[in-house]
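The following exercises ask you to read a fold from its elements down to single residues. Please work through each task with the sequence and the coordinates open before turning to the solution beneath it.

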Amino acid sequence: MRVRIARDLCVGAGQCERSAPDVFAQDDSGLSRALTEAPAAEQRPSVREAASLCPVRAVLVADDPDARRDPWETP
Ligand code: SF4
């Protein structure tokens, strides 16, 4: 799994940080960023929860980074 935040979409709702505080953090602007692009196995359920709860679908998850398609393609 790889994950990133589409900061052009993020509205700073903070749900991702609440779901996975070890993976996401809001910066001084209030927008979120991923602290790691490659979450550990034990972090992945909370990353999926964050992606499902983000109101603007700004948490982008790629499950197969080795695939030929764009790994950041929105699932
Ligand atoms: S839940 Fe979505 S909108 Fe809210 S801070 Fe996280 S990425 Fe941004």
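**Exercise 1. Strand pairing**

In which sense do E1 and E4 pair, and over how many bridges? Work from the pairing to the individual residues, bearing in mind that this is a predicted model.

Solution. Begin with the overall layout: the protein has two helices and four strands, and along the sequence these follow the pattern β-α-β-β-α-β. E1 and E4 pair in the antiparallel sense, and four bridges join them. Two residue pairs let you check the register, since isoleucine 5 stands opposite valine 59 in E4, while arginine 2 has alanine 62 of E4 as its bridge partner.

**Exercise 2. The faces of two strands**

Which residues make up the covered face of E1, and which the uncovered one? Carry the analysis over to E4.

Solution. The starting point is a general one: in a regular strand, side chains alternate between the two faces of the sheet. In E1, Val3 and Ile5 form the covered face, whereas Arg2 and Arg4 form the uncovered one. In E4, Val59 and Val61 point one way and Leu60 and Ala62 the other way, yet all of these are buried.

**Exercise 3. The orientation of helix H2**

Which residues of H2 are buried, and why can they be said to line one face of the helix?

Solution. First list the buried residues of H2, which are Ser46, Val47, Ala50 and Ala51. Viewed down the helix axis, the buried residues of H2 fall within an arc of 145°, and therefore they line one face of the helix. Next, turn to the other side of H2, where Pro45 and Ser52 are exposed; for proline 45 the relative accessible area is 55%, which can be set against the cut-off of over 50% for an exposed residue. Finally, identify the packing partners: the buried residues of H2 pack against strand E1 (2-5), helix H1 (15-19), strand E2 (24-26) and E4.

**Exercise 4. The nonpolar core**

How many residues does the largest nonpolar core have, and which have the most contacts inside it?

Solution. The largest nonpolar core has 17 residues, and those with the most contacts inside it are Val3, Val23, Phe24, Val47, Val59 and Val61. The elements giving two or more residues to this core are E1, H2 and E4. As general background, nonpolar side chains tend to be buried together in soluble globular proteins. To follow one member outwards, take valine 23: with residues up to four places away in sequence set aside, valine 23 touches Val3, Arg33, Ala34, Leu35, Thr36, Gln43 and Val47.

**Exercise 5. Two buried polar residues**

Is glutamine 43 buried or exposed, and what joins its side chain to that of aspartate 22? Then examine serine 32 in the same manner.

Solution. Glutamine 43 is found in the loop between strand E3 (32-34) and H2. Its relative accessible area is 14%, and because buried means under 20%, glutamine 43 counts as buried. A polar contact of 3.0 Å joins the side chains of glutamine 43 and aspartate 22. Apart from neighbours within four places in sequence, glutamine 43 is in contact with Asp22, Val23 and Thr36. Serine 32, for its part, is found in strand E3 and counts as buried at 1% relative accessibility. Beyond four places in sequence, serine 32 touches Ile5, Arg7, Cys10, Cys16, Phe24, Ala25 and Gln26.

**Exercise 6. Glutamate 17 and arginine 57**

Where is arginine 57, and is this residue buried or exposed? Place glutamate 17 as well.

Solution. Arginine 57 lies in the loop between helix H2 (44-53) and strand E4 (59-62), and its relative accessible area of 61% makes arginine 57 exposed. Its phi is near 55°, a positive value in a residue other than glycine. Glutamate 17 has its place in helix H1 and counts as partly exposed at 27% relative accessibility. Leaving aside neighbours within four places in sequence, glutamate 17 is in contact with Phe24, Ala25 and Gln26. The C-alpha atoms of glutamate 17 and valine 47 are separated by 9.6 Å, although these residues are 30 apart along the chain.

Terms used. Residues numbered from 1 in each chain as written. Predicted model: local features only at pLDDT ≥ 70, side-chain atom pairs only at ≥ 80, totals over all residues. Heavy atoms only, no water. Buried < 20%, exposed > 50% of the residue type's maximum accessible area, 1.4 Å probe, protein only. Arc of directions from axis to C-beta. Contact = heavy atoms within 4.5 Å. Pairing = 2+ DSSP bridges. Polar contact = N/O pair within 3.5 Å; in protein donor to acceptor, adjacent residues only side chain to side chain. Core = buried A, V, L, I, M, F, W, Y, C linked by side-chain atoms within 4.5 Å.
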